[in-house]
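Work through the exercises below with the sequence and the coordinates side by side. Each task is followed by a solution that proceeds step by step.

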Amino acid sequence: MKFRIVEYTHCVNDLGRENGRARIEYVIEKKTYWFGWKEIFNTEIKPKRISHETYQDAEAYLYSNYMGHGMCKKIGNEYEY
């Protein structure tokens, strides 16, 4: 299985401002056989985006929830388990 962590930046024009609405979030995507990369959602009742405030939080979530015993190969932002 292959995963990757993607950074989304909202309101890019407010990044340098003190009281701006800029926000950065990190999401995890999984490689599918036919359709390329697909974002992982929490789907108990209705789909909800799983986003993280830092890259390290997203990486820790990926390791703890989608990778058990075995070896993980990391190349850039892609993780192969």
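**Exercise 1. Classify Glu59 as buried or exposed, and find the salt bridge that its side chain forms with Lys74.**

Step 1. Glu59 has a relative accessibility of 16% and therefore counts as buried, given that buried means under 20% relative accessible area, exposed over 50%, and partly exposed in between, with a 1.4 Å probe and protein chains only.

Step 2. The side chains of Glu59 and Lys74 meet in a salt bridge, at 3.1 Å from N to O; the term requires a side-chain nitrogen of Lys or Arg within 4 Å of a carboxyl oxygen of Asp or Glu.

Step 3. Because Lys74 lies in strand E7 (residues 73–75) and Glu59 in helix H1, the pair ties together parts that are 15 residues apart in sequence; helices (H or I, at least four residues) and strands (E, at least two) are DSSP runs, numbered from the N terminus. Lys74, at 44% relative accessibility, counts as partly exposed.

Before going on, note that this is a predicted model, in which local features need pLDDT of at least 70 and side-chain atom pairs count only at pLDDT 80 or more, whereas totals for chains, interfaces and linings use all residues. Residues are numbered from 1 along each chain as its sequence is written, and side-chain values use heavy atoms, with hydrogens and water left out.

**Exercise 2. Determine which residues are joined into one network by salt bridges that share partners.**

Step 1. The structure holds six salt bridges. In one of them, the side chains of Glu25 and Arg49 meet at 3.0 Å, N to O, and since Glu25 lies in strand E2 and Arg49 in strand E5 (residues 48–49), this pair ties together parts that are 24 residues apart in sequence.

Step 2. Arg49 also forms a salt bridge with Glu39, where the closest N and O atoms are 2.7 Å apart; Glu39 lies in strand E3 (residues 36–39) and Arg49 in strand E5, so the parts tied together here are ten residues apart in sequence.

Step 3. Glu25 is buried, with a relative accessible area of 4%, and Glu39 counts as buried at 14% relative accessibility, while Arg49, at 35%, counts as partly exposed.

Step 4. The network joined by shared partners consists of Arg23, Glu25, Glu39 and Arg49.

**Exercise 3. Describe the surroundings of Tyr79, starting from the largest nonpolar core.**

Step 1. This core has ten residues, namely Phe3, Ile5, Tyr26, Ile28, Ile40, Ile50, Ala58, Leu62, Met67 and Tyr79; a nonpolar core is a set of buried Ala, Val, Leu, Ile, Met, Phe, Trp, Tyr and Cys residues joined through side-chain atoms within 4.5 Å. Strand E1 (2–10), strand E2 (23–32) and helix H1 (55–66) are the elements that give two or more residues to this core.

Step 2. Tyr79 is buried, with a relative accessible area of 1%. Leaving aside neighbours within four places in sequence, the residues in contact with Tyr79 (heavy atoms within 4.5 Å) include Phe3, Ile5, Glu59, Leu62, Tyr63, Met67 and Lys74.

**Exercise 4. What are the ring geometries of the aromatic pairs Tyr33–Trp34 and Tyr63–Tyr79?**

Step 1. Rings of Phe, Tyr and Trp (its six-membered ring) pair if their centres lie within 6.5 Å; planes under 30 degrees apart count as stacked, over 60 as edge-to-face and the rest as tilted. The structure holds five such pairs.

Step 2. Tyr33 and Trp34 form an edge-to-face pair, 5.0 Å centre to centre with 90 degrees between the planes.

Step 3. The rings of Tyr63 and Tyr79 have their centres 5.9 Å apart and their planes at 85 degrees, so this pair is edge-to-face. The pair links distant parts of the chain, with Tyr63 in helix H1 and Tyr79 in strand E8 (residues 78–80), 16 residues apart.
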